Amino acid sequence: MSMTESVVLTMTLLLGLPVLWFCIQIAAACFFKPQFEKAVEIQNEKLPDRITVLVPAHNESINMLPTLYAVLAQAGKAIHVLVVADNCSDDTAEVARQAGVEVIERHNTALRGKGYALDFGIQHLKANPPRVVIVLDADCLADNGVLEKLANRAMSTCRPVQALYLMNNLHSPGLKEKIAEFAWLVKNHVRPKGLHNMGLPCHLTGSGMAFPWEVLQGVSLATGDIVEDMKLGMTLATQGKAPLFSEDTVVTSAFPTNTEGVASQRTRWEHGHLAMMWHEGLPKLLKGLISRDKALVGLSLDLCIPPLALL
């Protein structure tokens with residue numbers, strides 16, 4: 001076999017395995033029955049003393065109020081809302097305070113990124129830690145009852161729980177927008193459902209994430225990674241605390257409509273994902289194979305699947 005043939009064969013195998021895993025996930029989502037047992041629900045009166053909904057917000061004064069009102073509408077006395085106004089140049093902090101929630105402000109232009117905002121919030125909560133922290137982006141809407149269900153499942157499994165996070169186009173979408181919505185549906189709904197049906201964990205997708213407090217104590221959130229959710233999920237998986245998918249708890253958001261927002265989002269999805277494939281996916285896959293950790297192997301293979309537009 002010539003050198004060229006060897007290279008071609010190697011590349012075919014490297015690309016073929018993620019594609020095969022992608023096809024298996026789709027088939028599992030369509031035809032398999034769930035292998036994870038349903039978490040035992042805790043009755044409302046047995047909810048923890050405190051659930052904190054942590055909302056990182058950067059210049060979100062326009063989009064944030066519907067999110068906060070939706071949270072407050074289902075927030076009982078056990079649910080506490082904390083907004084982290086991160087490097088804001090608008091009135092995000094004041095708008096959140098007027099809505100009646102707790103607000104802390106972070107100003108550090110040298111350290112930018114959602115990970116730093118989350119870490120700032122967690123450090124603040126250490127003075128009076130909750131039992132469960134639910135991360136919800138400032139432009140996301142949580143369906144009624146979602147917060148309690150997520151908290152229940154995080155507590156009963158002692159693992160992170162990821163809600164079904166969907167994005168929609170607010171205006172009449174063109175072809176590119178329809179493709180983006182379809183790709184998001186496959187990535188955040190179909191593939192996690194397939195993994196769940198096979199008894200495997202899923203990736204964190206950035207919003208609608210519930211964490212038992214003890215789980216957060218073993219990881220560092222202070223990072224500027226543009227795909228901090230994927231990195232956090234992989235880190236937790238190596239600690240035996242891989243996230244679980246919760247299909248019937250839905251949070252929704254809208255695709256950005258301005259050019260800058262679209263470009264930023266595409267960079268996060270594609271460039272950040274490709275970087276994670278190299279730095280996290282392949283090393284963790286090898287580690288999972290050596291340790292025979294099927295959860296880590298499943299997540300690592302999933303991470304090695306390129307973004308759908310590239311695939």
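In which helix is the place of Leu20? Leu20 lies in helix α1, which covers residues 3–31. The tour begins at this residue and then moves through the chain. Please keep in mind throughout that the structure is a predicted model.

**The whole chain**

Before zooming in, display the chain as a cartoon. It contains 10 helices and eight strands. Of its 311 residues, 50% are buried. Now consider the contacts between residues at least 6 apart in sequence: 79% of these join residues at least 24 apart. If the surface is switched on, the accessible area amounts to about 15500 Å², and carbon and sulfur atoms account for 59% of that area.

**Stop 1: a patch on helix α1**

Select Leu17, Leu20 and Ile24. These residues form a nonpolar patch on the surface, and together they have about 250 Å² of accessible area. Is Leu20 itself buried, exposed or partly exposed? Leu20 has a relative accessibility of 49%, and it counts as partly exposed because the exposed class requires over 50%.

**Stop 2: Thr52 in strand β1**

Next, select Thr52, whose place is in strand β1. The relative accessible area of Thr52 is 0%, so this residue is buried. Which residues touch Thr52, apart from those up to four places away in sequence? They are His80, Leu82, Leu125, Pro130, Val132, Val133 and Ile134. Show their side chains to see what surrounds Thr52.

**Stop 3: strand β4 and its two partners**

Three of the residues just shown lead to the next element. Colour strand β4, residues 132–135. Both of its faces are covered: Val132 and Ile134 are buried on one side, and Val133 and Val135 are buried on the other.

Now add strand β1, residues 51–57, which runs parallel to β4 and is joined to it by four bridges. Thr52, from the previous stop, has Val133 as its bridge partner in β4. Then add strand β7, residues 209–212. Four bridges join β7 to β4 as well, but these two strands run antiparallel. Within this pairing, Val132 stands opposite Pro212 of β7.

**Stop 4: Thr67 in helix α2**

Select Thr67, which is found in helix α2, residues 64–73. Is Thr67 buried or exposed? Its relative accessible area is 1%, so Thr67 is buried. A polar atom of the Thr67 side chain lies 2.8 Å from the backbone oxygen of Cys140. To display this pair, draw a distance between the two atoms. Setting aside neighbours within four places in sequence, Thr67 is in contact with Leu136, Asp137, Ala138, Asp139, Cys140 and Leu141.

**Stop 5: strand β8 and its partners**

Leu141 also belongs to the next stop, where strand β5 covers residues 141–142. Select β5 together with strand β8, residues 244–254. Two bridges join them, and they run antiparallel. Ala142 has Val251 as its bridge partner in β8.

Which way does strand β6, residues 161–168, run relative to β8: parallel or antiparallel? The two strands run parallel, and eight bridges join them. To find one of these positions, select Asn168, whose bridge partner in β8 is Ala254.

**Stop 6: two residues with positive phi**

Most residues other than glycine have a negative phi. The next two residues have a positive one.

Select Asn87, in the loop between β2 (79–86) and α3 (92–98). Its phi is near 50 degrees. Asn87 is buried, because its relative accessible area is 9% and the limit for buried is under 20%.

Then select Arg292, in the loop between α9 (259–291) and α10. Its phi is near 55 degrees. In contrast to Asn87, Arg292 is exposed, with a relative accessible area of 79%.

**Stop 7: helix α10**

From Arg292, continue along the chain to helix α10, residues 294–303. At the start of this helix, select Asp293 and Ala295: a side-chain oxygen of Asp293 reaches to within 3.1 Å of the backbone nitrogen of Ala295. How many of the 10 residues in α10 are buried? Eight are, and the helix is mostly covered. The buried residues are Leu296, Val297, Gly298, Leu299, Ser300, Leu301, Asp302 and Leu303. Select these residues to end the tour.

Note on methods
Residues are numbered from 1 along each chain as its sequence is written. This is a predicted model: local features need pLDDT of at least 70, side-chain atom pairs count only at pLDDT 80 or more; totals for chains, interfaces and linings use all residues. Side-chain values use heavy atoms; hydrogens and water are left out. Buried means under 20% relative accessible area, exposed over 50%, partly exposed in between (1.4 Å probe, protein chains only). A polar contact is a pair of N or O atoms within 3.5 Å; within protein, one must be able to donate a hydrogen and the other to accept it, and residues adjacent in sequence count only if both atoms are side-chain atoms. Contact means heavy atoms within 4.5 Å. Patches are made of residues with over 30% relative accessible area and no salt bridge: like charges are joined within 9 Å, nonpolar side chains (Val, Leu, Ile, Met, Phe, Trp, Tyr) within 5 Å. Accessible areas come from the Shrake-Rupley method with a 1.4 Å probe; for residues, only the protein chains shown count as cover. A salt bridge is a side-chain nitrogen of Lys or Arg within 4 Å of a carboxyl oxygen of Asp or Glu. Two strands pair if DSSP finds at least two bridges between them.
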